[in-house]
Amino acid sequence: MFDFLRLLSFGPDGWGDEIARGALLTIELALVTLPVGIAIGLGVALAKDSKSAAVKMLANAYTTVFRGLPELLTLFIVYYGGQMLLTRLAGLFVEGASVEVNQFVAGVVALGLVLGAFSSEVLYAAIRAVPRGQKEAAAALGLSKMRVFRLVTFPQLWRVALPGLSNNWMVLLKDTSLVSVIAISDLMRQTAIAVGVTKQPFFFYLIACLIYLVFSAISSAVFSRLEARASRGFRRVGGH
Amino acid sequence: MQSLLDMLGAGFLQLMGLIGLNSDLMARYGLRFLDGVWVTLQLVVLSVGIGALLAWPLAIARVEGGKWTARAAFAYSYFFRGTPLLAQTFLVYYGAGQFREQLTALGLWWFFRDAFYCAVFTFTLNTTAYQSEILRGAIQTLPIGQMEAAKALGLSKLKAYWTIIMPQAAGIGLRPLGNELILMIKSSAIASVITVYDLMGVTRLAFSRSYDMEVYLWAAVLYLVMVEVVRRVWDRLERRLNRHLLVSR
């Protein structure tokens with residue numbers, strides 16, 4: 001028992017600090033990806049709501065592709081493909097230039113693309129849930145299109161979208177573990193290093209699982225508070 | 001027969017060359033990719049199929065079980081839904097190696113030694129948790145009158161579940177269960193990380209040897225086709241099985 005505690009201690013012969021650093025990076029990655037993904041999702045959702053058939057089709061194609069591809073495949077395509085593309089582009093300007101794609105950026109882009117596809121569905125449904133009359137009334141008051149969205153649609157959209165987005169966030173949090181495959185020192189990779197040295201896979205992977213579990217639990221607590229706040233002007237059947 | 005297949009293959013490769021794909025590369029790795037698709041399908045069908053069988057008792061335990069049974073079932077599904085599948089896969093595959101002697105003594109080592117079996121095992125545990133959650137939700141949307149009517153007719157609880165509750169819950173849960181199937185097709189790519197040569201594993205192998213991005217394109221198309229086929233089949237299935245619930249439009 002004490003052996004295990006020593007393995008988790010902070011310091012030279014324990015892995016506590018390494019794993020904590022990995023856990024921090026996992027959170028960082030998820031938190032940086034979140035606004036990127038939501039921004040993409042919002043853009044795609046608005047495109048789906050567009051009047052132009054071509055724009056609509058493009059938005060739907062985007063969702064179909066990035067919802068259908070395995071996250072791992074998207075990550076590899078972004079990482080290796082990005083590397084090759086940028087190298088080729090750089091080669092146009094400088095002979096024999098080679099570009100290294102930062103793994104963290106590749107992770108954010110790949111996870112952001114996936115989150116964008118999933119959240120666009122949630123946000124599109126939320127946009128549609130705001131009654132048309134609201135937009136028409138705002139337009140009748142002489143508000144510009146931007147202001148209609150910012151002042152009328154957007155605040156109401158949140159309440160409907162939050163439960164779906166909270167789901168998306170949970171999936172994102174777990175998907176971050178995949179970036180360990182392209183050598184980002186996130187929680188999963190730090191754990192793998194600890195396992196390589198100590199030969200205690202069961203113990204360390206269990207610890208990693210428990211840390212993810214704690215993250216999920218904290219997230220769901222935060223989201224239920226946000227939901228309560230977003231729907232404070234809205235009384236439900238049986239609620240208070 | 002063989003020559004016909006060869007001709008078909010050659011024709012296919014020529015066609016692929018015509019639309020600008022690398023037909024030499026495809027000639028070398030094409031059949032491997034088909035093997036990869038087969039392994040992926042096996043992974044998904046086995047784990048989702050076994051998971052569907054295990055999910056029912058777990059879901060019913062959540063609804064009907066006493067305090068402790070229900071809590072244990074909840075803890076199980078909370079653990080597997082709250083942690084990444086990659087971590088679970090590592091936990092089983094590498095973790096089992098640590099208990100080699102005990103597993104050998106139990107006569108189970110042949111199972112946990114094999115990456116494919118480990119992947120099926122982990123995926124099954126994972127999808128069982130998700131499916132049981134879907135089914136629990138479905139069971140709980142049914143009005144209590146269904147159970148009371150069954151009891152009034154003198155049906156035992158088991159019989160009531162089998163003939164009245166389960167068929168209705170399956171219908172309600174059909175759409176999310178289809179989504180779960182699609183999620184598993186995508187998640188099964190994780191098996192490639194523990195050296196299983198599923199579609200993703202074959203793709204990574206082909207890429208590491210040829211360094212041609214095109215192989216990722218093939219993989220993307222194959223995954224999208226699988227997902228799209230499941231989605232369409234499921235749409236049909238749902239419209240057929242739930243036709244009594246359809247509102248005329």
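# Close-up views of a predicted two-chain model

**Figure 1. A salt bridge joins Arg136(B) and Glu133(B) within one helix.** The side chains of Arg136(B) and Glu133(B) meet in a salt bridge with an N to O distance of 2.9 Å; a salt bridge is a side-chain nitrogen of Lys or Arg within 4 Å of a carboxyl oxygen of Asp or Glu. This is a predicted model, in which local features need pLDDT of at least 70 and side-chain atom pairs count only at pLDDT 80 or more, while totals for chains, interfaces and linings use all residues; side-chain values use heavy atoms, with hydrogens and water left out. Residues are numbered from 1 along each chain as its sequence is written, and chains are lettered from A and ligands numbered from 1 in the order in which they are written. Both Arg136(B) and Glu133(B) belong to helix H7 of chain B, 3 residues apart, or about one turn of the helix. Helices (H or I, at least four residues) and strands (E, at least two) are DSSP runs, numbered from the N terminus. Arg136(B) and Glu133(B) are both buried; buried means under 20% relative accessible area, exposed over 50%, and partly exposed in between, with a 1.4 Å probe and protein chains only.

**Figure 2. A salt bridge connects Arg175(B) with Glu238(B).** The side chains of these two residues, Arg175(B) and Glu238(B), meet at 2.7 Å, N to O. Arg175(B) lies in helix H9 (residues 157-187) of chain B and Glu238(B) in helix H11 (residues 214-241) of chain B, so the pair ties together parts that are 63 residues apart in sequence. Arg175(B) is partly exposed, at a relative accessible area of 44%, whereas Glu238(B) is buried, at 15%.

**Figure 3. Arg232(B) and Glu228(B) form a salt bridge in helix H11 of chain B**. The N to O distance between the side chains of Arg232(B) and Glu228(B) is 3.5 Å. The two residues are 4 places apart in helix H11 of chain B, about one turn of the helix. Arg232(B) is exposed, with a relative accessibility of 54%. Elsewhere, salt bridges that share partners join Arg62(B), Arg81(B), Glu133(B) and Arg136(B) into one network. Over all chains, the whole structure holds 13 salt bridges.

**Figure 4. Thr128(B) is buried in helix H7 of chain B**. Thr128(B) is placed in helix H7, which covers residues 115-141 of chain B. The relative accessibility of Thr128(B) is 3%, and this residue therefore counts as buried. Apart from neighbours within four places in sequence, Thr128(B) is in contact (heavy atoms within 4.5 Å) with Gly51(B), Leu54(B), Ala55(B), Leu58(B) and Tyr76(B).

**Figure 5. Aromatic rings pair around Phe111(B)**. Rings of Phe, Tyr and Trp (its six-membered ring) pair if their centres lie within 6.5 Å; planes under 30 degrees apart count as stacked, over 60 as edge-to-face and the rest as tilted. By this rule there are 27 aromatic pairs over all chains. Trp110(B) and Phe111(B) form an edge-to-face pair, with 5.7 Å centre to centre and 90° between the planes. Phe111(B) and Phe121(B) also form an edge-to-face pair, at 6.0 Å centre to centre and 85° between the planes. This second pair links distant parts of the chain, with Phe111(B) in helix H6 (residues 109-113) of chain B and Phe121(B) in helix H7 of chain B, 10 residues apart. Trp110(B) is partly exposed at 48% relative accessibility, and Phe121(B) is partly exposed at 30%.

**Figure 6. Chain B and chain A meet at an interface**. The contact takes 33 residues from chain B and 33 residues from chain A. The area buried between the two chains is about 3000 Å², of which carbon and sulfur atoms give 78%; buried area is the accessible area (1.4 Å probe) that two parts lose on being put together, summed over both. The count between chain B and chain A is 1 salt bridge. Glu71(A) and Lys186(B) meet through their side chains in a salt bridge of 3.3 Å, N to O. One aromatic cluster is formed by Phe76(A), Tyr79(A), Tyr80(A), Phe207(B), Tyr211(B) and Tyr216(B).

**Figure 7. Confidence varies along chain B**. Chain B averages a pLDDT (the predictor's confidence in each residue, from 0 to 100) of 90, and 98% of the residues score at least 70. Within chain B, confidence is lowest in helix H1 (residues 2-18), at a mean of 78, and highest in H7(B), at 95.
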